[in-house]
Amino acid sequence: MTALPLPSGAASAPHFDQLLGGWAMLPEAFQLLAQQLSQLDIPSHMSRYQQTTGTPRIQANGYRYATIAADGIATVPVYGAVTKQDSSFSDLFGGTSSVMLRRDIRQATIDDAVGSILLVIESPGGTARGNLELFDDLRAASKVKPVWAFIEDLGASAAYWIACGCSRITANRFAQVGSIGTYTVVVDTSKREAAMGISTYVIAAGDYKGASYPGTELTEAQRAELERSINDINDIFVESVSVGRKVGIDAARKLADGRVHVAGGALRLGLIDEVGTLDRTRAMLAALHGRRPAPKQTRAPGLGFPVPKASRLAEGFLSVCNYVKQTNKVSFSDAYDLVSKAYPELRRDYDRKRARESASSAAIVREDALNRWVADQQAAKSSPSVATLPVASARSRWEAAIEKHTSRGVSRSEAARIANRLNPGLREEFLAESAKQSHR
């Protein structure tokens, strides 16, 4: 674990704060990254980044990194420096976000097209942030379907921490594995600055606030406190190794000496399960999930029915209601209430669709009724048995025509429209008659 020096202007980059604080990374890889970052022109870099992207790029298959093969294996690459968030630095130097990895793992866990998950790792490690949560997600996923890791050439520090979340780890013969441990580097420049006549003062409330600020002397008490913090982080790392590799905590502590081992030595120490090839690993994994019985369906929290498959959910609200009715042996009304609580989004989509259909149906009914009225009235006018209305004026004939339709439940505006269609010119006659009477 070490602190990465940031170039001028780095604060303008999204998620720049994740580069502060602790890193779990091979020292030589960290030094290279620090050198690259120190030479970076931040304003130019951000300008190019904002023109090309700015948000995580999701593939057409819905995943950030994973690809789903015909054999049902979701391959999730873990390449370069691992940081918590997707950032412009990841795009520039190559890297992987632990948050986006978690997104892919969770999605693959519930994806019916995925029979197993394979992490392909080639990484020197990265930040300490986010690794424990990813480790936990991998452990949870492995209870649903096989989750394996393949280390291709390099799986060190934080990258090995991630691999420990998988139920099986394979590495190729050349792979370097391990580097379990945490550290930090603090450069005390106080004597050099004092020789230059520079004095740096930190005004802080608390003995340890502002410790290791550039130009200040690192006291023994501050050094001890930094060591305590490093040991606390290291304990979490070692505990993950113990749980993931199924070894005692004391055995895990012996492995956490910071050394990197070539695959054969890593196998002898129990850091990995096999030295092999990626093709062999894929073949074994495909055969395993091909024979594996379907996992038990989980149940919707507090609702007592199995969670439907994605294909069933895609069919819509009423399809899920029928599924719950059959699986739970309940009435459709009870199933309707259960599904409404469990899947409010499906219910809202269903309600919106029903409202649109209802509005469309009502419009069709109104138009159909209007056409029938028009046809009936035209037929009545052409029939010799139908007598004309005994009215003496255009006004009374217009009002009678409207009343004839409003008495059947039609609104006055709708009745006026029907009367105007059935009696072309009557409304104009009525208006002309009214105009004459107003001039008298």
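**Exercise 1. Find which residue lies over the face of Trp148 and place both residues in the sheet.**

Solution.
- Arg168 sits over the ring face of Trp148, 5.4 Å from the ring centre. The criterion is NZ of Lys or CZ of Arg within 6 Å of the ring centre and within 35 degrees of the ring normal.
- This is a predicted model: local features need pLDDT of at least 70, side-chain atom pairs count only at pLDDT 80 or more, and totals for chains, interfaces and linings use all residues. Residues are numbered from 1 along each chain as its sequence is written, and side-chain values use heavy atoms, leaving out hydrogens and water.
- Arg168 is also the bridge partner of Trp148, in S9.
- Strands S8 and S9 (residues 168–171) pair in the parallel sense over four bridges. Two strands pair if DSSP finds at least two bridges between them. Strands (E, at least two residues) and helices (H or I, at least four) are DSSP runs, numbered from the N terminus.
- From S8 the chain crosses through H6 to S9, and this β-α-β crossover is right-handed. That term applies if, with the strands pointing away from the viewer, the path from the first strand over the helix to the second runs clockwise.

**Exercise 2. Describe the other pairings of S8 and explain why S8 counts as largely enclosed.**

Solution.
- Strand S6 (residues 116–123) runs parallel to S8, joined by six bridges. Ser123 has Gly155 as its bridge partner in S8.
- Strand S10 (residues 176–178) also pairs with S8 in the parallel sense, over three bridges. Here Ala156 stands opposite Gly178.
- Now the burial. S8 spans residues 147–156, and eight of its ten residues are buried, so the rest of the structure largely encloses the strand. Buried means under 20% relative accessible area, exposed over 50%, partly exposed in between (1.4 Å probe, protein chains only).

**Exercise 3. Count the aromatic pairs and classify the geometry.**

Solution.
- The structure holds one aromatic pair.
- Trp161 and Phe237 form this pair, with 4.6 Å centre to centre and 10° between the planes, and it is stacked. Rings of Phe, Tyr and Trp (its six-membered ring) pair if their centres lie within 6.5 Å; planes under 30 degrees apart count as stacked, over 60 as edge-to-face and the rest as tilted.
- The pair links distant parts of the chain: Trp161 belongs to helix H6 (residues 158–163), Phe237 to helix H8 (residues 220–245), 76 residues apart.
- Trp161 is buried at 3% relative accessible area. Phe237 is buried at 0%.

**Exercise 4. Locate Gly276 and list its contacts.**

Solution.
- Gly276 is in the loop between strand S12 (274–275) and helix H11 (278–291).
- Its relative accessibility is 14%, so Gly276 counts as buried.
- Leaving out residues up to four places away in sequence, Gly276 touches Phe150, Thr170, Ala171 and Asn172. Contact means heavy atoms within 4.5 Å.
- C-alpha to C-alpha, Gly276 and Arg173 are 6.9 Å apart, yet 103 residues separate them in sequence.

**Exercise 5. Test the length of helix H13 against its expected span.**

Solution.
- H13 covers residues 317–328, twelve residues. The expected span is 1.5 Å times one less than the number of residues.
- That gives 16 Å, and the end C-alpha atoms are 16 Å apart, so the two agree.
- The buried residues of H13 are Phe317, Ser319, Val320, Cys321, Tyr323 and Val324.
- Lys329 follows H13 and has a positive phi, near 55°.
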